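Colleague: I have the sequence and the model open. Can we go through the fold piece by piece?

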Amino acid sequence: MVTRMKNVLIVEDDRDTVRLLSILLSIDGYEVHQASTADDALRLAREGVADRFIIDAHLSDSSGLKLVKQLRSEELLNCHAIVVISGLDMSHKAISAGADAFLLKPFQADDLFAALEHNTNI
């Protein structure tokens with residue numbers, strides 16, 4: 001039986017957060033890709049590098065929630081799991097934008113893994 005590696009794109013402009021998430025996700029068997037801007041994230045998503053997304057709500061070039069809406073509007077991307085993270089409680093806005101889950105920083109690794117695996121069509 002061939003198992004497909006889980007691919008995740010971290011969209012976050014804070015290097016320390018990216019480093020920590022990358023280590024945690026790699027240990028759990030994910031292939032990790034990174035983007036620090038919404039434009040780069042959208043380009044990588046369209047290239048098909050990931051089937052799951054972790055998106056910070058506040059990016060330097062755009063709103064992470066706007067990126068969620070863009071991903072949900074594209075037919076080939078709208079079924080992928082999207083988890084929005086933020087230091088502010090934006091759960092209602094994140095879910096309304098189309099995210100599958102919202103996590104308030106700091107969050108537990110187990111909560112992140114559960115959110116990434118929820119409703120994935122892989």
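Colleague: Start with one residue. Which residue of β3 stands opposite V11?

Modeller: First, the ground rules: this is a predicted model, local features need pLDDT of at least 70, side-chain atom pairs count only at pLDDT 80 or more, and totals for chains, interfaces and linings use all residues. Residues are numbered from 1 along each chain as its sequence is written, and side-chain values use heavy atoms, leaving out hydrogens and water. Helices (H or I, at least four residues) and strands (E, at least two) are DSSP runs, numbered from the N terminus. In β3, the residue opposite V11 is I55.

Colleague: How many bridges join β1 and β3?

Modeller: Two strands count as paired if DSSP finds at least two bridges between them. β1 and β3 pair in the parallel sense, and their bridges number four.

Colleague: Zoom out. What is the strand order of the open sheet?

Modeller: The sheet has five strands. Pairing is parallel, and the order is β2-β1-β3-β4-β5.

Colleague: Which strands form the edges?

Modeller: An edge strand here pairs on one side only. That describes β2 (30-35) and β5 (101-104).

Colleague: What is the average turn between neighbouring strands of this sheet?

Modeller: Axes are lines fitted to C-alpha atoms, for helices over the stretch in contact, and angles run from 0 to 180 degrees between N-to-C directions. For this average, direction is ignored. Neighbouring strands are turned against each other by 20 degrees.

Colleague: Which helix packs on that sheet and touches β1, β2, β3, β4 and β5?

Modeller: Contact means heavy atoms within 4.5 Å. The helix spans residues 109-117, and its direction makes about 125 degrees with that of β3 (52-56). That helix is α5.

Colleague: Is β1 largely enclosed or open, and why?

Modeller: Buried means under 20% relative accessible area, exposed over 50%, partly exposed in between (1.4 Å probe, protein chains only). Five of the six residues of β1 are buried, so the rest of the structure leaves this strand largely enclosed.

Colleague: Which hand does the β1-to-β2 crossover have?

Modeller: The chain leaves β1, passes through helix α1 (residues 15-27) and reaches β2. A crossover is right-handed if, with the strands pointing away from the viewer, the path from the first strand over the helix to the second runs clockwise. This β-α-β crossover is right-handed.

Colleague: Now the interior. How many residues are in the largest nonpolar core?

Modeller: A nonpolar core is a set of buried Ala, Val, Leu, Ile, Met, Phe, Trp, Tyr and Cys residues joined through side-chain atoms within 4.5 Å. L9, F53 and I55 are among those with the most contacts inside the largest one. Its residue count is 26.

Colleague: Which element supplies the largest share of this core?

Modeller: β1, α2 (38-47), β3, α3 (64-73), β4 and α4 each give at least two residues. The largest share is five residues, and its source is α2.

Colleague: How many residues are in the second, separate core?

Modeller: V8, V18, L103 and F113 are included in that core. The count is 15.

Colleague: Back to F53. What is its relative accessible area?

Modeller: F53 is found in strand β3. Leaving out residues up to four places away in sequence, F53 touches residues including V8, L9, L71 and L116. F53 counts as buried because its relative accessible area is 1%.

Colleague: Which residue's side chain makes a polar contact of 3.0 Å with D56?

Modeller: D56 sits in strand β3 and is buried at 5% relative accessible area. A polar contact is a pair of N or O atoms within 3.5 Å; within protein, one must be able to donate a hydrogen and the other to accept it, and residues adjacent in sequence count only if both atoms are side-chain atoms. The partner of D56 is K105.

Colleague: Which residue does a cis peptide bond join to K105?

Modeller: Most peptide bonds are trans. Here omega is about -10 degrees. The residue lies in the loop between β5 and α5. The cis bond joins K105 to P106.

Colleague: Last one. What is the bridge partner of S86 in β5?

Modeller: S86 lies in strand β4 and counts as buried at 0% relative accessibility. β4 and β5 run parallel, joined by four bridges. The partner of S86 is L104.
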